[in-house]
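User: I would like a close look at one part of this model, with the reasoning spelled out.

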Amino acid sequence: MPSVMRKLFSPHDRSQQVATNSVQQTVCPRRDFMQQLGLYAVAMSAGDTLLADAAWGGTTSATDKPFPIGIGAKLDQYHVQPRAKRVVQLFMAGAASPLDMFDYKPFLEKHHGEESDFGEHVEAFQDGLGPWLKSPWKFQPYGQCGKQLSEIVAPLGNCVDDIAFLHSIVGKTGVHSQATYLQATGFQLPGFPGAGSWVSYGLGSMNENLPTFVVMPDHRGFASNGTKNWSSAFLPGNHQGTIIQPIDSEPIRDLFPRETPFVTADSERATLALAQQLNSQHAAQRPGDSRLAARIHSYELAARMQLAAPEALDVSDEPAHILKLYGLDHGKTSFPSEINTVEETEYFSRKCLIARRLLERGVRFIQIWSGCDNAHPRRNWDSHEDIRRDHEPLALGMSRGAAALIQDLKQRGMLEDTLILWTTEFGRMPSSQGQTGRDHNPYVFTNWLAGGGIKGGTTFGESDEWGYKPLDRNNPHYVYDVHATMLHLLGIDHHKLTARHNGIDRRLTDVHGRVLHDIIS
């Protein structure tokens, strides 16, 4: 028997387990047995003694240091002094309109309904060059900074002094799939790692019982490009995003084995012994191929998650005032077929609350999505037909969850070392499409950041008077700058975190990127 198995199933350990849990073991349900069998499987396939510790309640965590370089990190030291150790990225799929939430334009109110005149040729994505269209929602100032926000993101007014807005972000395309790739991976084409994969690759894990990079998609489906938005691509496979669907009966697919009368303990052990033999042969024949090691790592992680994930995803122990903060005290268990505010709040806020719980337990990078790929009726931010119909419930749900997350982290002392990044693939036009919709606008849009090292209550970079392009066209900002700033706050020089692929030292920021020191405190 391998040494790891002697450790996992030694008579001493087993006798202690029986002595302390004799009653529970007598009536041990099949799931508990399969959890232990899953841990046995991993130990057989990988010989990981750390996993054996986890089987009996031991943990391996790097959270005892203020800013840990984690387990399995590419870097052995920081390039700069870190200000944050974890990231939450909030991604609005379909292209959210800053003109209707954060980027107040009195010009559009004054000239609403007049023929739009941009003073230059405009290449529209569809036919969105109708009359100027003011926002259908009222704006008012919030916080000590006096930032103008619309009524559909009013919950963010409670924490606007913690947020830095960038209103001069410029994209490269008005096509959803390419623009989503650009914001998620730093490239317009498939085949590049997601931002969370780069952070996982560089800094490693702070808790090897949970994934380093977690993705919570929209409950209705994936955004454009699907899982490729959080793929590890040419980085080792263990750095890809792990999908969690909080509202599903099975939030993490296939984490636990299916109930079946055909699998016994003896047959499972025989299968795993054969797998170990075949894995060893495969690895010996392919010494430069990391894919098998990544696959084994995923099985190891899955086994550890059987113990750690259910507790992290269970919000039943959250006090009533926290559930109220996130808007999860509505008491409803079903929702109408039409898109509505309570439902959007339930789904987005629940993901934000679970994100806080995962951050507390050492998850490094969490990506939360609002909106799925195009469908009719709209279930994303792509409001070509009716900006009010789509944006109001989505924005109210998003802002309730995002504001609660910021406030919750702040009251726990976690906001100071947690970076929150809000983004979307591009913006929307100040002119109308039809009468009540807005077309795509990749020429200027908004990102905002809060938390770890960010100078709150600031607006850096402005759009022009109608929100078509940056006010200072000679100094726009790009996703590369946002990514460079994010890595800088994590202690990483974006020029130095590289991975060689096809003879090129690739990085998240490609050959671009400048750190936005004006928004750093």
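Is Tyr 480 buried or exposed, and what is its relative accessible area? Please also describe its ring partner and the other aromatic contacts.

Analyst: The model is predicted. Tyr 480 is buried, with a relative accessible area of 5%, and buried here means under 20%. Its ring partner is Tyr 478, which is partly exposed at a relative accessible area of 30%; that value falls between the 20% limit for buried and the 50% limit for exposed.

A pair of aromatic rings is described by the distance of the centres and the angle of the planes. For Tyr 478 and Tyr 480 the centres are 6.5 Å apart and the planes meet at 40°, so the pair is tilted. Stacked would require planes under 30 degrees apart, and edge-to-face would require over 60. The structure holds 21 aromatic pairs.

Elsewhere, one aromatic cluster is formed by Phe 107, Phe 118, Trp 132, Tyr 443, Trp 466 and Tyr 468. Tyr 443 also has a charge over its ring: the charged end of Lys 469 sits there, 5.5 Å from the ring centre. Another lysine, Lys 147, lies over the face of Phe 165, with 4.7 Å to the centre of that ring.

A further aromatic residue, Tyr 181, belongs to helix 6 and is buried. Eight of the ten residues of this helix, which spans residues 176–185, are buried, so helix 6 is largely enclosed by the rest of the structure. Among the buried ones are His 176, Leu 182 and Gln 183. Just after the helix, Gly 186 adopts a positive phi of about 90°.

Conventions. Residues numbered from 1 in each chain as written. Predicted model: local features only at pLDDT ≥ 70, side-chain atom pairs only at ≥ 80, totals over all residues. Heavy atoms only, no water. Phe/Tyr/Trp six-rings, centres within 6.5 Å; stacked < 30°, edge-to-face > 60°. Buried < 20%, exposed > 50% of the residue type's maximum accessible area, 1.4 Å probe, protein only. Lys NZ or Arg CZ within 6 Å of the ring centre and 35° of its normal. Helix = DSSP H or I, 4+ residues; strand = E, 2+ residues; numbered from the N terminus.
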